[in-house]
Structures are given as C-alpha cells and as structure tokens.
Amino acid sequence: MQGYMNRPPKKRAQAPDYVSPNQLVLDGFESPFDQKLNPTNRWVVLAHLIPWDEICNLYLKFVPVGQTGRPPLNPRIVLGSLVIKHMCNLDDRETVDQISENIYMQYFLGYPSFTNETPFDASLFVEFRKRLGMENLNAINEKIIALKTKIETKQTIDNQHTGSTDNENTDDSQPSDPTEIGHKGRVIFDATACPQDIAYPTDLNLLNDARKKLEELIDLVYHPTLHSGKPRTYREVARKTYLHTAQKKRTGHKIIRKAIRDQLNYVRRDIKSIHTLLDAYEDLPFPLKATEQKYLFVVQTLYEQQKQMYDNKNHSIDYRIVSIHQPHVRPIVRGKAQAKVEFGAKIHVSIIDGISFLDELSWDAFNEGSHMINYVEQFRKRFGCYPREILADQIYCTRNNRSKLKELGIKLLAKPLGRPSAMSIHVSPGERNPIEGKFGQAKTAYGLDRIKARLKGTSESWIATILLVLNLVKLAGVALLYIFVKYWVSFSARLPKTSFQNLWHIIKKISFIYQIHYSRQVIYINVA
C-alpha cells in the first residue's frame, strides 16, 4: 500500500485573537515598516534581475521627452506598472490601487520610500499603450534577446575558465562546427487568436445596438430652430419588438428572420432621418464630432452588410463588422471544439530559446502556412543567419514550403510525406509543447484570452506588452540560473575534476524551477 509523503511544515502567520472593531484604532495598529523588506519577495527578486537601465534607455529612445510642459513620468514606473498589471492580470484602476497599497510593488518601481499617494491616474494607461505601440515594444523584445545572449555568453565563459565544459554540456541549439555560420539554432512556429472583450455578436443584437446608437445621434443632430419637427424613431416599439424575440428561450429560424427584418427597417428609417437633419447644416459647422461621425459610418456599413446577408440568406461576408464600438475586430474561424469562431486579432509567434517574438499581428484571418518563408526571413534579419531546424505544425508543411526550405538548407522537423512506415524517425508531438505552454501561460495568467483595450492601437500594444512580460520573466529566470551556476562553480572548484564533471552532468539533466506564487495563480519558469 502506497504511503503518504512527508511534507515539510509550513511557517504560518500567528492567528490574532478577535478584537471588537470598537476597540481597534488605526493609531494603535502595529506597522512593520520599521523592519527590513523580505529579500525573497517576488517583486524584490524581479527588481534586481530586470535590466532597468537598458530597457529604460530604449524606452526614452522611442518616446522622446519634450523640453516644455510637465516633466514626464519615470520610465521605470511606466514599464514596471505595465509589468505589474499583466503579471497579476489586473485592470487599470486596480493596478494603480495595488501600487499605492503595496510597499513591495513600490520598491519594484524604484520608489525610495513608501507613499500612500497613487503614482498616476488610471486613465494614463491608455496613453502608455498609445505611446509605446507595438513596434516600440517589439524593439524592447529585441533588446531582451540581446541581454539574454549576453548572460548566457558570460555563463559559458565562466564555465570554460573552470574547465567544466565538455561535449555533453554544450547547448544543443548552437552548431557544433564553428565554421557553420549559415544556419544556427532551432525555432518553433505557431499562431493563435487573442479574443477581444466584446459580447458574442448576433445579427439581431448588432442591429439593435446600431438602432440605439442612431437614436442617440438623432438627438444630437436635431435643433428646434433649424428643423420644423423631430423625426419619429419608434424607439419604444422597436425595443419591444427586439425584446419579444431576444427574451425567448427557444426561437426558430422564421422568428429570428422576421425580427431581423423589423430591425433593418428601423435602422434604415433612422439613417434616412439623420441625413435629412444634416442637410440643414449646409452653411453651419458640422454638428457631429469625429467619434460620432465614425459611429455613423460604421452603422451605415453594418446596415449594408446585414441587408446583403438578409437578401442572400447567408451569414458570411467579407470584412464583417461584429461590434460597432470596435469595428476593427473580425471573426477568426479556428475550428476548435471549445470555440469554433473567435473574435479578435490573430498573431504569429516564434519561440527561439525560450524567447517569444511577435512575427505578425492581423485583425483579418490569414493562413500562417503561406507566410512561413516570411517568418524565416525575419529570423535571418534578427540573427543574421537562417535557423538550422524549424519545428512547425502540419499547416506549415506544404510541398511548396518543404521545397523552399530544402533550397535554403533548413531542416523541417515535422511529419514526413508518404506512408508512415517509410520513415524510421518521427517527430514526437511533445516537442512543440514549449510554444503551447507559452500560449497557455499568456492566456491563463496574463490576460491574453481577453483583450480589454477598445482601440485598435491600444489592443495591439496590449498584446505586445504581454509578450514583453513573458520575455522579462524568462530573462529573470536565466539570470537566476546564471547566479546559481556561478555559485556552484566557485564551490565545486575544490572538488576533483572527475567528481565535478559527474555532478555537472546531473545538474544538466535536472530542471531548475523557480516558482513565483501570485495571489491568484502560480507561474512556473523553467530555466533549464
């Protein structure tokens, strides 16, 4: 019979006795601020491991500081607050509140002492995303790979000085022949969708939202001195007609089609009324602002699309609008059991030695297999050489891609063509787990499965920031491994050479896992 494992006892905080709220005063509360900070706290560890000087200089390079006006915020506060937001998966307001309440977060942002004041207004997060942009965040990612390479190179030099390197502990991703400079490393390709935080779009709900927005625009455009009378919108009747169908538990095809036809008629009437009201402003300033004009154009396009699908009796059209508030969002057909269609951006990511690179971001669906050679050229542009091996899904393994990769001298690790028995060596399905794990970590822990930004540019920055956080955490793990190896090498210098080589071989086989415990999730950083 299998026994239970002995677990080490945990040191828990002392449970205080109950004290009535009438007897507990704020002045009598014992504050721990006269004590030193815990050096093993997650924010203290990350603050020492992230290369703030290089990243902040890169931020100031792409976001220049003006000579006039109020002094800008500290770049460490800007970038650090984005890291805190996505590592804890918080919204903008909660992030600011957490920073003002948590002394460790303030230490992570570079504060000299604790303060109760908020670092900035929560609305500035939108400006951070606008200023940074996807291109600037990708440039910071490029800097991260350079820092990671520098750390690993320093680690290799320290190992060579102690004579501990041999053929077994060299990195498999680097070529064994020094003259082989044309092809280096292994890259993993994959694509995923980043769903937006929008309601599930149906034709009836979209037309109802468009009708209500048109009624708001009619109220803004109408002026008693310019118009003889306000046009009738039948808003109460239209709302009752919509609710009569939307609140039913079971609705048939004919009932839904009739409700869509009624809403199309209401939307068509409101659009005609707005154009009639706008004709009176021929010699006057235009009454609608830029945002309101955008809504008008979006609603008119939505009406044309819905009318065309209604007449043709289908549910598919090019550049289909699924939200009047975020017209840039498109449906992405994934074909998975959990979500056959997702609404958001589609991204293509390359994993090189644990670092994530955003190769492509598109709001329209695309076939990543047809863009594979472009991703290979981006690898060559980043590192100055082609990859030695590519690990990709079946969608990339077309005959055209196979022939082009063969011409470039790149090995494709995928299921070969022909009968399965014709090849003796097959690729294990688990070799693509690193990139699937990255997607799972980004969506589960960092909020990639629900992009809450509403603008197109800020949504792209949101996605790029999550990948930046992934790389920062990976960089912190590599730095931890370097510190561990450096300490072990200095300690083992006193041991015989044969004993040290055996111990080093064991270390290479064991994964050094650094666990960061969060309040809502646990993230495992594998730095082996």
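Author: A residue is called buried under 20% relative accessible area, exposed over 50%, and partly exposed in between, judged with a 1.4 Å probe and protein chains only. The model is predicted, with local features requiring pLDDT of at least 70 and side-chain atom pairs pLDDT 80 or more, while totals for chains, interfaces and linings use all residues. Residues are numbered from 1 along each chain as its sequence is written, and side-chain values use heavy atoms, without hydrogens and water.

Reader: Why is Lys-307 called partly exposed?

Author: The relative accessible area of Lys-307 is 31%, which lies between the two limits, so the middle class applies. Asp-311 falls in that class as well, at 44%.

Reader: What makes the contact between Asp-311 and Lys-307 a salt bridge?

Author: The term requires a side-chain nitrogen of Lys or Arg within 4 Å of a carboxyl oxygen of Asp or Glu. For Asp-311 and Lys-307 the closest N and O atoms are 2.9 Å apart, so the pair qualifies. Both belong to helix H10, where a spacing of four residues places them about one helical turn apart. Helices here are DSSP runs of H or I with at least four residues, and strands are E runs of at least two, numbered from the N terminus.

Reader: How do you know that Arg-330 and Asp-364 also form a salt bridge?

Author: Their N to O distance is 3.8 Å, which is within the limit, so the criterion is met. Arg-330 lies in the loop between H10 and E2, and Asp-364 in the loop between strand E4 (355-362) and helix H11 (372-383), so the bridge ties together parts 34 residues apart in sequence. Arg-330 is buried at 14%, whereas Asp-364 is partly exposed at 33%.

Reader: How many salt bridges does the structure hold?

Author: The structure holds 15 salt bridges. One of them joins Arg-380 to Glu-377 at 3.1 Å. These two residues of helix H11 are three residues apart, which amounts to about one helical turn. Elsewhere, Lys-85, Asp-92 and Arg-129 form one network through salt bridges that share partners.

Reader: What makes Arg-232, Arg-268, Arg-269 and Lys-272 a patch of positive charge?

Author: A patch takes residues with over 30% relative accessible area and no salt bridge, joining like charges within 9 Å and nonpolar side chains (Val, Leu, Ile, Met, Phe, Trp, Tyr) within 5 Å. Lys and Arg count as positive, Asp and Glu as negative, with His and the chain ends left out. Arg-232 has a relative accessible area of 59% and is exposed, so it passes the area requirement of a patch. This residue sits in the loop between helix H7 (203-221) and helix H8 (235-246). A negative surface patch comprises Asp-91, Glu-94, Asp-97 and Glu-101; Glu-101, in helix H4 (residues 92-101), is exposed at 58%.

Reader: How many disulfides does the structure hold?

Author: There are zero, a disulfide being a pair of cysteine sulfur atoms within 2.5 Å. Cys-88 is buried at 6%, and Cys-194 is buried at 0%.

Reader: What makes the phi of Asn-89 worth noting?

Author: Most residues other than glycine have a negative phi. Asn-89, not a glycine, has a positive phi of about 55°. Its place is the loop between helix H3 (75-87) and H4, and at 27% it is partly exposed. Lys-313 likewise has a positive phi of about 55°; it follows in the loop between helix H10 (290-312) and strand E2 (331-333) and is exposed at 64%.

Technical notes
Accessible areas come from the Shrake-Rupley method with a 1.4 Å probe; for residues, only the protein chains shown count as cover. The place of a charge is taken as NZ of Lys, CZ of Arg, CG of Asp or CD of Glu.
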